[in-house]
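Subject: Structure for your files

Hello,

Here is the structure I said I would pass on. My notes on it follow below.

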Amino acid sequence: MAAAEIDLASIGRGLVIAPAGCGKTQLITDALTRHSGAKPILVLTHTNAGVAALRGRLEKAGVKPAAYRATTLDGFAIRLISTFPQRAGHDARIVTGSRPNYDAIRDAAARLVAAGHVHDILAASYERLFVDEYQDCSIRQHALVTWLAQSLPTAIVGDPFQSIFGFGTDPLADWNTEVIAFFPVFGELTTPWRWNNAGAPDLGNWLLSIRSDLAKGTPIDLRTAPAGVQWIQLDGRRDDALRVAAAAVDAPGDTKVLIIGDSTDPRGQRRFARQVDGAVTVEAVDLRDLTDFGASLDVSGTQALSVVAAFAENLMSNFSADDLVRTTASARLGTLGRGLSDMEQAAVVFEEERTLFRVADLLVAINRAGGVRCYRPAVLAAAQRALQLAGSTGGPSFQEATVAVREQSRLVGRPLARRSVGSTLLLKGLEADISVVLNAGALNARNLYVAMTRGSRSVLVCSGSPILNPAW
């Protein structure tokens with residue numbers, strides 16, 4: 001079924017099944033473009049990157065910002081219980097802690113909506129609800145959405161074969177017994193628009209065809225793939241160099257590249273971002289490195305410079321925390337024997353003044369040093385916002401400020417860089433001109449399908465064998 005044949009705004013309560021690249025986002029865009037009601041449509045999805053991509057698509061289509069409110073499901077749940085804390089009856093620490101308790105947050109939000117306390121407010125605030133990437137809804141998130149659907153007409157969009165979340169203590173809602181039981185199927189999209197529109201219909205048709213093969217456990221032979229698929233043969237000796245070369249694929253002009261690494265190895269993802277010119281990481285919504293920095297930094301402590309320098313080293317290439325600490329100590333003793341760079345001067349000033357403003361100055365100086373490149377700009381920008389907030393008159397502690405900035409970041413999606421490094425968990429729902437799958441042989445069927453369908457023009461697949469036989 002073509003996307004044009006389905007109007008999400010006509011669905012009172014139902015599901016549209018949407019395989020990757022078959023027009024799901026266009027379906028949402030079309031509905032929001034046509035929307036002329038006085039109240040906005042609430043659009044929920046799972047990641048900040050997904051929110052940013054959706055907003056970019058809507059802006060490009062000329063959709064008026066007043067027509068919708070887009071945020072993550074967890075971000076909406078946090079805002080809901082934070083707006084009505086007494087009625088939600090939750091312990092504030094489930095939100096304000098250094099690591100939010102998402103199970104408790106989702107439970108509190110579902111209880112609040114189920115009790116009917118906010119029924120009139122929801123109905124007065126929003127015209128209807130769209131939920132994207134529904135296959136990634138956990139049991140608790142599904143419970144929240146089903147209660148929201150008692151207050152708002154609700155259309156959900158998803159594809160069970162792209163279901164790759166669901167771990168820990170809140171597993172995914174069962175697609176057949178829970179999702180379809182509550183949201184009956186309204187239609188299914190079948191045209192690979194992502195690749196047709198990019199001038200790569202053969203690639204799109206092939207990717208759509210292997211969806212059923214992967215579901216049945218049939219091996220995929222990359223040698224029979226169309227020209228848009230390039231197999232990078234790993235030989236067991238130069239694998240890292242081959243992957244780096246693939247990640248550095250030529251991308252002229254505004255060409256965007258998604259580099260997809262191992263979901264269980266964020267350090268490995270950062271290593272590739274550090275090694276590939278122009279690459280930046282896509283960060284998880286918990287911004288753990290930021291909140292850990294907030295918890296560990298004591299500007300009056302003897303190790304303060306080491307803490308700041310180590311934080312910077314984790315965000316920037318061609319910078320050594322140990323070298324900066326060592327040269328700063330020598331400079332203060334008068335034994336360095338040469339002039340100070342701007343970065344070293346900022347470190348000396350920090351050691352003498354020990355304020356959050358000097359921390360901010362030092363991070364700026366490190367980032368501006370010759371040869372240094374920040375490959376995690378989202379974390380650096382968040383740290384600077386937290387330092388400014390904590391350093392203001394009457395501001396919170398720096399630790400509290402990092403938590404506050406993290407929560408703000410949940411509600412504001414970050415734009416995708418030209419060359420982004422992440423995992424299927426972080427990049428699912430996004431698209432680029434080129435996708436690079438760094439370790440296809442280690443991915444299960446669903447993660448492989450998600451990874452290979454990110455690129456609209458070409459896909460580079462790194463693996464030891466051209467025959468991919470992923471586990472379910």
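**Strand E2 and its neighbours**

Strand E2 and strand E3 (residues 68-72) are paired in the parallel sense, over five bridges. Please keep in mind that this is a predicted model. Within that pairing, Ile41 has Tyr68 of E3 as its bridge partner. Between E2 and E3 the chain passes through helix H2 (residues 48-60), and this β-α-β crossover is right-handed.

E2 also pairs with strand E4 (residues 129-131), again in the parallel sense, with three bridges. Here Leu44 has Val131 of E4 as its bridge partner.

E2 covers residues 41-45, and five of the five are buried, so the strand is largely enclosed by the rest of the structure. Ile41, Val43 and Thr45 point one way from E2, while Leu42 and Leu44 point the other way. Residues on both sides are buried.

**The sheet that contains E2**

E2 belongs to an open sheet of six strands, in the order E3-E2-E4-E5-E1-E6, with parallel pairing. At the edges are E3 and strand E6 (185-188), each of which pairs on one side only. From one strand to the next the twist averages 20°.

Two helices that pack on this sheet are worth listing:

- H2 touches E2 and E3, and its direction makes about 155° with that of E3.
- Helix H8 (residues 139-148) touches E2, E4 and strand E5 (154-158), and its direction makes about 160° with that of E4.

**The sheet that contains E15**

There is also an open sheet of six strands with the order E8-E15-E14-E9-E13-E10, and its pairing is parallel. Strand E8 (229-233) and strand E10 (280-281) stand at its edges with a single partner strand each, so one side of each has no neighbour in the sheet.

At the E10 edge, the partner is strand E13 (residues 419-423), and E10 and E13 pair in the parallel sense over two bridges. Val280 stands opposite Ser420 of E13.

At the E8 edge, E8 and E15 run parallel and are joined by five bridges. Gln230 stands opposite Leu460 of E15. Helix H11 (residues 201-216) lies across E8 and strand E15 (455-463), at about 60° to E15.

E15 also pairs with strand E14 (residues 432-437), in the parallel sense and over five bridges. In this pairing Val437 has Val461 of E15 as its bridge partner. E14 and E15, together with helix H22 (residues 445-452), make a right-handed β-α-β unit. E15 is mostly covered, with eight of its nine residues buried.

**Two helix pairs**

Helix H15 (residues 304-313) and helix H16 (residues 321-333) pack at an angle of about 145°, and their axes are 8 Å apart. The crossing of H15 and H16 is right-handed. From H15, the contact is made by Leu305, Ser306, Ala309, Ala310 and Glu313; from H16, by Ala321, Leu324, Val325 and Thr328. By class, the residues of this contact are six nonpolar, two polar and one charged.

Helix H12 (residues 239-247) packs with helix H13 (residues 266-275) at an angle of about 60°, with the axes 10 Å apart. This crossing, too, is right-handed. Asp240, Arg243 and Val244 of H12 meet Arg271, Phe272 and Gln275 of H13. The contact of H12 with H13 divides into two nonpolar, one polar and three charged residues.

**Glu407**

One charged residue has a section of its own here. Glu407 lies in helix H20 (residues 398-411). Is Glu407 buried or exposed? At 14% relative accessibility, Glu407 counts as buried, because the cut-off for buried is under 20%. With its neighbours within four places in sequence left aside, Glu407 is in contact with Ile78, Val95 and Pro100. Glu407 and Ile41 are 366 residues apart along the chain, and their C-alpha atoms are separated by 22 Å.

Regards

Terms used:
Residues are numbered from 1 along each chain as its sequence is written. This is a predicted model: local features need pLDDT of at least 70, side-chain atom pairs count only at pLDDT 80 or more; totals for chains, interfaces and linings use all residues. Side-chain values use heavy atoms; hydrogens and water are left out. Buried means under 20% relative accessible area, exposed over 50%, partly exposed in between (1.4 Å probe, protein chains only). Helices (H or I, at least four residues) and strands (E, at least two) are DSSP runs, numbered from the N terminus. Two strands pair if DSSP finds at least two bridges between them. A crossover is right-handed if, with the strands pointing away from the viewer, the path from the first strand over the helix to the second runs clockwise. Axes are lines fitted to C-alpha atoms, for helices over the stretch in contact, and angles run from 0 to 180 degrees between N-to-C directions. A crossing is left-handed if the near helix is turned anticlockwise from the far one by less than a right angle, and right-handed if clockwise. Contact means heavy atoms within 4.5 Å.
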